[in-house]
Amino acid sequence: MAHAHTQGQQHPIGLYLKIWGLLFLLSTLSYLVDYFQFQGLMRWSLIILFMLLKAGLIVAIFMHMAWERLAIVYAILLPPGCLLVLVGLMAAEADYTLLSRLYFFSGNE
Amino acid sequence: MATESVTNPQPPGLRGLVSDWASDKDAFKQVSWGKAMMWIFLLSDTFIFSCFLTGYMTVRISTTADWPNPSEVFALTIAGQSIPLILIAIMTFVLISSSGTMAMAVNFGYRRRRLPAALLMLTTALLGATFVGMQAFEWTKLIEEGVRPWGNPMGAAQFGAAFFMITGFHGLHVSVGVIYLSIVAFKVLRGDYERRGNYQIIEITGLYWHFVDLVWVFIFAFFYLW
């Protein structure tokens, strides 16, 4: 790692090629979820699983987060956690909007 | 990583986290300011894209009309057969390939082999331009089918607004990335960084490019597959 300090991130090319292959595989799998028309919980969990695996590989290996010090890892990766709160609030609000629309506007159209 | 504590004066792990943040002058040891600032810019961009995707989620949940089925909307007829979502799948593979060539360009840069580094960066830019080209094709197709930001013939009116906003903003990022990559590749070829002896600019450019790919992973999952 002292080496990395002076000359930047150096890793074997083979590592990048492997990750490239894995990303291709995961993309194919997520495309197949749609191709074979999985529905319901199965579809959503598979989509989320492949998405998170792909995002993790890109951030950890291609963007070199796996080799950075925790100070910057946490500074960058923790703040997006706030977004989960936003998503939760907006999902609840959207449900409320939908129920209001169904309650007040159905039958009048 | 075990050798880090021997060769590196900074403590590793959680102790390192505390000592880095409690230290004088800079919190991000071993990370140049250029790289730290690119990361912070990308963090802000994460929030922008997340707000778009959250807005999309909100209108999709709250609409009483049926959401158009992306699998059918983005299907292409090839050799007489309708294949669902095929253009988007190809776009995904093109963007992932561009990320692969970018990662290798960073590597060649640090090995001070500037010709392969620049050529790989230009390949990345070319793949990015291909992606934008296919996106333009997709937009044209949808506009011809009558999709507008305020309505469309397939279902919920909000579909068009979410689609044009999210993919448009992402396409803008890819286009800017193509220009950015081309400029840096040109400077690499000209030998600017050879004189300075520092090729980290390729890694910083790479961070931006990988982020564009990263955003596409989420758009692909939430907008096209969901």
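Reader: Let's take two residues to be in contact if their C-beta atoms, placed from the backbone, lie within 7 Å. With neighbours within four places in sequence left aside, what is A:Y16 in contact with?

Author: Bear in mind that this is a predicted model. Outside those neighbours, A:Y16 touches B:G100, B:A103, B:M104 and B:N107.

Reader: And where does A:Y16 sit in chain A?

Author: In helix α2 of chain A. The C-alpha atom of A:Y16 is 7.6 Å from that of A:I61, a residue 45 places away along the chain.

Reader: Buried or exposed, that tyrosine?

Author: Buried: A:Y16 has 20 other C-beta atoms within 10 Å. The cut-off for calling a residue buried is 20 or more, so A:Y16 sits right on it.

Reader: OK, zoom out. How many residues does each chain put into the contact?

Author: Chain B gives 51 residues and chain A gives 48.

Reader: Which helices of chain B supply at least two residues each to that side?

Author: α1 (4-7), α2 (13-22), α3 (33-62), α5 (86-110) and α9 (200-225) of chain B each do that.

Reader: What's the chemistry of the chain B side?

Author: The side of chain B that touches chain A has 27 nonpolar residues, 19 polar ones and five charged ones.

Reader: Tell me about α5(B). How many residues does it have, and what span does it reach?

Author: α5(B) has 25 residues and runs 37 Å from its first C-alpha to its last, close to the 36 Å expected at 1.5 Å a residue.

Reader: Is it in the open or enclosed?

Author: Of the 25 residues of α5(B), 18 are buried, so this helix is largely enclosed by the rest of the structure.

Reader: Now α5 of chain A: how many of its residues are buried?

Author: Zero of the 24 residues of α5(A) are buried, so that helix lies largely in the open. α5(A) covers residues 82-105 and reaches 34 Å end to end by its C-alpha atoms, close to the 34 Å expected at 1.5 Å a residue.

Reader: Back to chain B. At what angle do α5(B) and α6(B) pack?

Author: At about 165 degrees, with their axes 8 Å apart. That makes α5(B) roughly antiparallel to α6(B), and the crossing is left-handed. The contact between α5(B) and α6(B) has 16 nonpolar, nine polar and one charged residues.

Reader: And what happens between α6(B) and α7(B)?

Author: The axes of α6 (residues 114-144) and α7 (residues 158-190) of chain B come within 9 Å and cross at roughly 160 degrees. Angles over 145 degrees count as roughly antiparallel, so α6(B) and α7(B) are roughly antiparallel. Their crossing is left-handed.

Reader: Which residues meet there?

Author: On the α6(B) side, they include B:M121, B:L122, B:F131 and B:V132. On the α7(B) side, B:V174, B:V178, B:L181 and B:V188 are among them. By class, the contact of α6(B) with α7(B) has 15 nonpolar, eight polar and one charged residues.

Reader: Any odd backbone angles? What's the phi of B:L85?

Author: Near 60 degrees, which is a positive value in a residue other than glycine. B:L85 is in the loop between β2 (81-83) and α5 of chain B. B:L85 is buried, with 22 other C-beta atoms within 10 Å.

Reader: What about just after α5(B)?

Author: There B:R112 takes a positive phi of about 60 degrees.

Reader: And in chain A, what's the phi of A:Q37?

Author: A:Q37 has a positive phi of about 55 degrees, though it is not a glycine. A:Q37 lies in the loop between α2 (13-35) and α3 (40-62) of chain A. A:Q37 is exposed, with 9 other C-beta atoms within 10 Å.

Reader: Last topic, chain B overall. How many helices and strands?

Author: Nine helices and two strands. From the N terminus, the order is α-α-α-α-β-β-α-α-α-α-α.

Reader: What are its dimensions, and what share is buried?

Author: The C-alpha trace of chain B spans about 65 × 40 × 30 Å along its principal axes. Of its 226 residues, 36% count as buried. Taking contacts in chain B between residues at least 6 apart in sequence, 68% link residues at least 24 apart.

Technical notes:
Residues numbered from 1 in each chain as written. Chains lettered and ligands numbered in written order. Predicted model: local features only at pLDDT ≥ 70, side-chain atom pairs only at ≥ 80, totals over all residues. Axes fitted to C-alpha atoms, helices over the stretch in contact; angles between N-to-C directions. Helix = DSSP H or I, 4+ residues; strand = E, 2+ residues; numbered from the N terminus. Parallel < 35°, antiparallel > 145°, perpendicular 65-115°, else oblique. Left-handed = near helix turned anticlockwise from the far one by under 90°. Nonpolar A, V, L, I, M, F, W, Y, C, P; charged D, E, K, R; others polar. Expected span 1.5 Å × (residues − 1). Buried ≥ 20, exposed ≤ 12 C-beta atoms within 10 Å, placed from the backbone.
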